[in-house]
Amino acid sequence: PADADPQLLTAPEVEEMLGIPKGAVWELRRRGKIGCVHAGRGGRSIRFTHAQVEAFVSSRTVAAKAAG
């Protein structure tokens, strides 16, 4: 919709960004692995901020071992 906040992402958008299967974001949300925003009328719509997605990715990032 034209009035939607461009900073908020839908689950399918997050799944596409991360290259994960359909429905995976809902499982991550259920397990508390990714934060979400209750948006829309009555807070029924679930959306994700770029910061929440970045925080999830950071939590899953493993530092490379130094060569030597």
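Trainee: Which residues of helix α1 (residues 11-18) are buried?

Mentor: In this predicted model, the way to answer is to look at where the buried residues of α1 sit around the axis. They cover an arc of only 100°, which puts them on the same side of α1, while Pro12 and Glu16 are exposed on the other side. What covers the buried residues includes β1, α2, β3 and α3. The buried residues of helix α1 are Ala11, Val14 and Glu15.

Trainee: In what order do the 3 strands of the open sheet stand?

Mentor: We can build the order from the pairings, starting with β1 and β3, which pair in the antiparallel sense over 2 bridges. Strand β3 (residues 45-49) also pairs with β2, again in the antiparallel sense, over 3 bridges. β1 (8-9) and β2 (37-39) each have a single partner strand and therefore stand at the edges, with one side of each left without a neighbour in the sheet. The order is β1-β3-β2.

Trainee: Which residue of β3 is the bridge partner of valine 37?

Mentor: It helps to remember that strands of a sheet pair through backbone hydrogen bonds, either parallel or antiparallel. In this sheet the pairing is antiparallel, and on the β1 side leucine 9 stands opposite phenylalanine 48 in β3. For valine 37, the bridge partner in β3 is arginine 47.

Trainee: What is the phi of glycine 40, in the turn of the hairpin?

Mentor: The hairpin is formed by β2 and β3, with 5 residues between them, and glycine 40 is found in the turn. Another glycine with a positive phi is glycine 19, which follows α1 and has a value near 70°. For glycine 40 the phi is positive, at about 75°.

Trainee: At about what angle does helix α3 (residues 50-60) run to β3?

Mentor: Helix α3 lies across β1, β2 and β3, and the faces of β3 are worth setting beside that arrangement. The covered face of β3 has Ile46 and Phe48, whereas Ser45, Arg47 and Thr49 are on the uncovered one. The angle between α3 and β3 is about 65°.

Trainee: Is glutamine 52 buried or exposed?

Mentor: Glutamine 52 has its place in helix α3, and, leaving aside its neighbours within four places in sequence, glutamine 52 is in contact with Ile34, Gly35, Cys36, Val37 and Arg47. Its relative accessibility is 19%, and the cut-off for this class is under 20%. Glutamine 52 therefore counts as buried.

Trainee: How far apart in space are glycine 35 and valine 53, C-alpha to C-alpha?

Mentor: Glycine 35 is found in the loop between α2 (24-30) and β2, where at 32% relative accessibility glycine 35 counts as partly exposed. Not counting residues up to four places away in sequence, glycine 35 touches Phe48 and Gln52. Glycine 35 and valine 53 are 18 residues apart in sequence, and their distance in space is 7.9 Å.

Trainee: With which residue does glutamate 27 form a salt bridge?

Mentor: Side chains of opposite charge can pair when their charged atoms come close, and a search of the whole structure finds 1 salt bridge. Its two residues both lie in helix α2, 3 residues apart, about one turn of the helix, and their closest N and O atoms are 2.7 Å apart. Glutamate 27 counts as partly exposed at 32% relative accessibility, while its partner is exposed, with a relative accessible area of 61%. That partner is arginine 30.

Methods: Residues are numbered from 1 along each chain as its sequence is written. This is a predicted model: local features need pLDDT of at least 70, side-chain atom pairs count only at pLDDT 80 or more; totals for chains, interfaces and linings use all residues. Side-chain values use heavy atoms; hydrogens and water are left out. Two strands pair if DSSP finds at least two bridges between them. Helices (H or I, at least four residues) and strands (E, at least two) are DSSP runs, numbered from the N terminus. Contact means heavy atoms within 4.5 Å. Axes are lines fitted to C-alpha atoms, for helices over the stretch in contact, and angles run from 0 to 180 degrees between N-to-C directions. Buried means under 20% relative accessible area, exposed over 50%, partly exposed in between (1.4 Å probe, protein chains only). The arc is that of the directions from the helix axis to the C-beta atoms. A salt bridge is a side-chain nitrogen of Lys or Arg within 4 Å of a carboxyl oxygen of Asp or Glu.
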